[in-house]
Each structure stands twice: as structure tokens, then as C-alpha cells.
Amino acid sequence: MNIDTILSIRGLSVMFKTEIGEQLAVNNVSLDMKRSQTTAIVGESGSGKSVTAYAMMRLIQAPGKITSGQIICTPAQQESFDVLQLADNSNALYHLRGGLMAMIFQEPMTALSPVHTIGNQVMEAILTHQTVTKAEAFELACAMLDRVGIADASQRMQQYPFEFSGGMRQRVMIAMALVCKPQILICDEPTTALDVTIQAEILALLKELKKTIQISLLFITHDLAVVAQIADEVIVMNQGRVLETGSVRQILNDPIHPYTQNLIAAVPGMRQQDRLRPVSSKPDSTDYPSYSLIPLKGDRQVALPVSLVPEEYRL
Amino acid sequence: MTDYILEVSNFSVKFPLIKRGLLSRQVGEFTAVNNVSFSVQRGSSLGIVGESGSGKTTLVRAILRAIDPASGSAVFQSQAGAVDLCQLSDKELIPLRTQMQMIFQDPFASLNPRMKVADIVSEPLVIHRPEQHREHRQTVVHMLERVGLEADTLHRFPHAFSGGQRQRIGIARALILNPSLVICDEAVSALDVSVQAQVLNLLVDLQREMNLTYIFVAHDLNVVHHFCEQALVMYHGSVVESGPVKQIFTSPRHDYTRLLLSAIPSLDPDIKLSPLDRNSLSLE
């Protein structure tokens with residue numbers, strides 16, 4: 001593990017007990033997040049991308065269980081530690097959730113409490129993690145809302161979420177996540193519920209924030225166009241496994257794994273094509289047999305046997 | 001002469017603004033759809049795009065008379081000849097409902113969780129063709145096959161299906177009466193890109209087989225570009241631009257269309273997203 005890796009997952013498995021037996025939602029996943037970069041996890045519903053992110057913050061609840069693996073976190077100027085070794089209810093875990101890592105959710109209306117003012121919700125995050133007075137917390141919250149582009153912040157802090165539009169609510173979510181200066185920001189489909197124009201605004205905001213406050217972003221999405229715009233590194237997941245990793249240009253312009261190729265071909269777009277090519281003809285198929293990841297040229301990996309990888313990519 | 005299945009002219013929908021309280025009264029009205037005119041060719045697909053709040057869903061719901069329009073006309077070529085949907089009483093509309101159907105956005109909310117698939121899909125038949133009840137089962141099985149679901153799904157409840165499968169159930173329910181006009185209100189917005197591709201392909205196949213006309217409401221411009229021949233762009237209740245999809249996408253005339261197009265992220269990481277500034281455009 002090199003020094004500029006802020007988070008490194010090794011052999012993570014998460015199991016859910018269901019009526020039809022034990023299901024591995026995340027199956028022996030290993031991945032690295034580079035410091036101050038945007039890593040995107042791409043996959044369809046059920047690919048295990050959100051569960052991986054929830055495991056990073058230890059938010060997996062029964063009937064789910066982390067069965068094996070390590071999540072090594074190396075915050076700036078601190079010793080690295082294994083997130084999975086922290087005791088439940090320990091101070092370190094409290095500090096991790098919200099303090100070191102923060103999360104933005106897909107649906108800002110359900111993620112915000114409808115019965116508390118915006119100001120109280122942002123201040124709650126500050127008061128939980130920092131030793132400040134209420135007046136100071138108010139000032140901090142106000143400054144952060146202003147920072148994410150909410151005009152008239154001190155007035156709007158008195159308002160409730162229903163008085164905000166979808167894009168504004170997502171800005172509030174970002175403010176709540178950033179107010180304790182986390183080093184890792186997990187964005188779970190943050191623009192999926194938004195209009196395309198608002199999505200462009202939120203993506204621009206996240207990019208600008210990444211540049212100015214040096215935060216490492218983990219971006220979870222199924223929208224490959226969003227990935228193209230925001231990500232530096234891409235991880236493709238399917239059925240709980242990592243199928244391909246590499247830089248955004250490698251994955252989108254030159255995918256090796258057939259699943260990645262199909263995922264890109266399924267995007268309706270400006271290219272002239274008569275029919276879309278869905279990833280598989282049947283829902284819930286397991287067309288892609290499990291192989292382990294092998295390293296390739298250009299610091300990328302693919303889950304295929306060497307014989308199926310074209311010559312020019314092999315090490 | 002072009003065969004138009006639906007001709008909408010000077011169509012407006014207004015909602016009353018009501019002051020609440022003991023002495024509640026109407027204090028004004030909000031125009032959700034403002035003087036919209038368009039026509040749809042039989043067998044084609046018309047896309048309606050716009051941001052949330054632009055009135056696109058209100059427009060299609062008012063055409064189906066789920067909401068009553070304030071003014072205008074919507075002339076529908078039914079099997080019995082041309083009728084103005086805005087002039088009919090609720091009772092007179094019932095027989096026409098078999099020819100106009102709707103596919104909804106949220107496959108989780110639009111299916112009754114307490115009804116089995118067989119009952120969901122056959123409900124339109126029970127309402128509109130009760131006299132043929134002996135053939136219902138056969139029709140349902142056949143319809144489910146056409147949308148790609150096995151016959152063993154009949155006795156299961158909606159919760160047992162994935163999002164894409166549920167949307168197929170919704171499509172089966174909409175098509176079982178053999179309608180001529182199908183309104184898809186964000187029918188693929190809630191689906192993953194791969195499942196979305198499956199459902200879009202299915203809709204195209206069914207259009208060819210059953211000679212369907214689609215009105216396709218969507219906020220995803222790429223989907224409309226792929227799926228439709230004609231499109232309307234709506235902004236604040238008005239149509240700001242309409243025409244062939246290719247023309248709208250390659251040479252947009254209205255600033256709002258330019259704004260929408262500039263906000264579409266490209267699949268190419270080297271083409272950076274640079275949306276136009278809303279404030280610098282003349283949008284009204």
C-alpha cells in the first residue's frame with residue numbers, strides 16, 4: 001500500500017441472511033481510494049456498491065453482517081487503522097462517522113428531517129462532533145451553507161426542508177456532510193433524483209469543493225456519464241464483485257471486461273444506433289462467471305483469466 | 001394527408017390558489033400549462049422534456065382528463081371517429097379509456113402490493129370487458145409473455161419482482177386492452193441503465209407489433225433522443241420549442257433548450273461539462 005492511499009479495502013465480504021439462504025452482497029472485494037481524488041463505484045442495482053460504502057462507515061445492520069476483510073483507513077497526519085476492528089459504540093467509531101467520513105444520500109427529502117429546521121439539522125452535526133457553543137455552531141453552519149451556494153443563509157436556516165427545492169436540499173446535505181471537515185466524502189447517487197440542469201450545478205459544486213478543500217470523494221452511481229465528468233478512478237461492480245478497475249479514460253474509452261463494454265453500450269446517447277444493447281437479455285442474470293482480479297498494464301485490473309485478455313494489455 | 005391520432009390546441013390547465021382557514025376562498029390561480037398546441041402522428045413517438053415543475057406531467061394527465069383542463073381542445077381519433085376529449089363527460093370517457101393508457105414512473109408505487117400479478121394485469125379487462133371473462137386468463141398469460149414475463153409470475157405479488165420486472169407488469173397492464181395511444185410518464189427514469197435499455201427495446205418492439213403511438217414524458221434528454229421522432233420542450237408551462245428530435249438536438253433555437261442540452265454530461269471524460277449560465281439567458 002503506498003502512501004497516497006487514504007482508504008484500502010482488502011477481501012471485504014458482507015452477507016445478508018434472507019429467506020432463500022445466506023446471500024453475499026459483497027464478495028471478497030478489494031479496492032483502493034487515492035487521497036484527494038474521486039473514486040467512482042459503478043454498477044447496477046444489487047451490485048453491492050452501496051453496501052460496500054455502508055460497510056466503510058460500519059453502517060451495515062442486521063440481517064447484514066461483515067463476514068471478513070479489512071478496511072484500512074489512513075487519515076492525513078495520523079496512524080492508519082482498520083475500521084472493522086473498532087469496537088461498537090467506541091469514540092473512535094463516533095469520530096469516524098461524520099467526523100472523518102461523511103455521506104450524501106440519493107434522496108434529499110428522505111434524508112432530511114421534515115420536522116426540524118435546516119439550521120438545526122446542520123448545527124446538530126457541528127454540536128455532535130466539535131466542542132463549540134451554539135452561537136459558534138450557528139456561525140459555522142451559516143458560513144458552510146453560504147459556501148455551498150445557498151443565498152441568504154442566515155434567513156434560510158430558519159426554514160424547513162419542504163421550503164427548499166430538490167437541488168437546494170442536496171446543497172444542504174452537502175453542507176451537513178462537510179461541516180465537520182471530513183477527509184472522505186461518500187456520495188451515494190447524489191444526483192440521480194435531480195434534473196439534468198440541477199445535476200450539472202451539483203457536479204460543478206462537488207468538483208470545486210474537491211479542489212479547494214482537498215477531500216477524497218467516493219462516488220457511487222449507475223450513471224456512466226456522471227462518472228465521466230467527475231471521476232478520476234473507476235471501479236466496476238457486478239453481483240457483489242469487482243470486475244474491472246482503472247482510470248476513468250481507461251474504463252470508459254477502452255473497457256476490457258465484456259460487462260463494462262455492455263454497460264457502456266446500454267447508455268442511450270447521441271450516437272446513432274438503432275437498438276440499445278442491454279447488459280443481459282434476462283433480468284437478474286449471472287452471466288459473468290467469477291474470476292479473480294489480475295493486474296494489467298497502466299495500473300488497471302480486470303477480473304478475467306489471462307487468456308481472455310488481449311495481448312497488448314497484459315503485463 | 002398526415003394521420004394525426006391526437007391534436008391538442010390552445011390547451012391550458014390552471015390550479016386554484018386557495019387561502020386556507022375558516023374563511024377559505026380562492027385568491028388566484030396558477031397556470032400550470034399555458035396555451036399548448038401540438039399534434040401526434042399515429043404510430044410515432046412524441047417526447048416531452050423539461051425540468052420538474054415545467055408542467056409536462058400535468059399536460060398529459062389533463063389530456064387523459066385525470067385533471068380537468070381550463071381551456072382548449074384535445075381531438076383524439078378514436079375507433080369511432082374524432083372526439084374532443086375536453087368536451088366529454090366522465091361517463092362518455094369510459095369507453096375511450098380502453099384506447100388511451102398510461103405507464104407510470106414508479107414501478108413500486110403504481111402496483112397494488114396486495115394484488116397478485118394476474119389480478120393487476122386483468123383488472124382493465126374486468127372493468128371494460130366483463131362479458132369475456134372466460135378468456136381473461138388466456139389474454140393475461142399471452143400479454144405477460146409478450147412483455148417477457150413467464151406464466152409462473154401470475155400468482156406472485158409485486159414485491160417479489162425487481163424494478164425492471166415490475167415495469168414490465170405495468171406495461172402489460174397498460175397494453176392488455178390493445179390501446180392505440182400510450183402515455184409513458186417517466187416510464188424508464190427509475191430504472192438502471194441496463195434495465196432501462198431492456199425496457200426501451202421492449203417498448204420499441206411492442207410499438208411495431210401493436211401499432212402504438214407513444215407520448216413519452218421524460219427529463220432524460222438522451223432517452224428522448226434515442227426513442228422519439230418529435231419532441232416538445234416545456235418551460236414554466238409553455239412549449240418553448242417543438243419539432244423533429246434531430247433538429248432540436250443539433251440546432252436548438254430557444255435558449256432554454258440550449259441550457260438543457262449544455263447540461264447533459266458526456267460519456268467522454270475529455271469533453272467537460274460546461275452548462276450555460278441560467279442568468280445570462282433570455283428564458284421567458
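Here is a friendly back-and-forth about two chains of a predicted model and the terms used to describe them.

Me: What should I know before I start?
Reply: This is a predicted model, in which local features need pLDDT of at least 70 and side-chain atom pairs count only at pLDDT 80 or more, while totals for chains, interfaces and linings use all residues. Residues are numbered from 1 along each chain as its sequence is written, and chains are lettered from A and ligands numbered from 1 in the order in which they are written.

Me: Why is chain A called as compact as a globular protein of its length?
Reply: The radius of gyration is taken over C-alpha atoms, and the globule rule is 2.2 Å times the number of residues to the power 0.38. Chain A has a radius of gyration of 20 Å, close to the 20 Å that the rule gives for 315 residues, so the description fits. Its C-alpha trace spans about 65 × 50 × 45 Å along the principal axes.

Me: How many helices and strands does chain A have, and what makes a stretch count as one?
Reply: Chain A has 11 helices and 12 strands. Both are DSSP runs numbered from the N terminus: helices are H or I with at least four residues, and strands are E with at least two.

Me: What makes strand β9 of chain A mostly covered?
Reply: A residue is buried if 20 or more other C-beta atoms, placed from the backbone, lie within 10 Å of its own; it is exposed if 12 or fewer do, and partly exposed in between. In β9(A), residues 233-238, 6 of 6 residues are buried. In a regular strand the side chains alternate between the two faces of the sheet. Here A:E233, A:I235 and A:M237 are buried on one side, and A:V234, A:V236 and A:N238 on the other. Across the whole of chain A, buried residues make up 44% of the 315.

Me: How do you know which strands pair with β9(A)?
Reply: Two strands pair if DSSP finds at least two bridges between them. Strand β3 (residues 38-42) of chain A runs parallel to β9(A) and is joined to it by 4 bridges, with A:I41 opposite A:I235. Strand β10 (residues 241-247) of chain A pairs with β9(A) in the antiparallel sense over 6 bridges, and A:E233 has A:S247 as its bridge partner. Both counts meet the cut-off. β9(A) and β10(A) also form a hairpin with 2 residues between them. In that turn, A:Q239 has a positive phi of about 50 degrees.

Me: Why are β2 and β5 of chain B called edge strands?
Reply: Four strands of chain B form an open, antiparallel sheet in the order β2-β1-β4-β5. β2 (25-41) and β5 (81-84) each pair on one side only. Within this chain, β1 (residues 4-19) and β4 (residues 71-78) are joined by 5 bridges, with B:L6 and B:F76 as partners.

Me: How do you know which residues chain A and chain B bring to their contact?
Reply: Two residues are in contact if their C-beta atoms, placed from the backbone, lie within 7 Å. The contact takes 31 residues from chain B and 30 from chain A. Helix α6(B) gives the most to the chain B side, with 7 residues.
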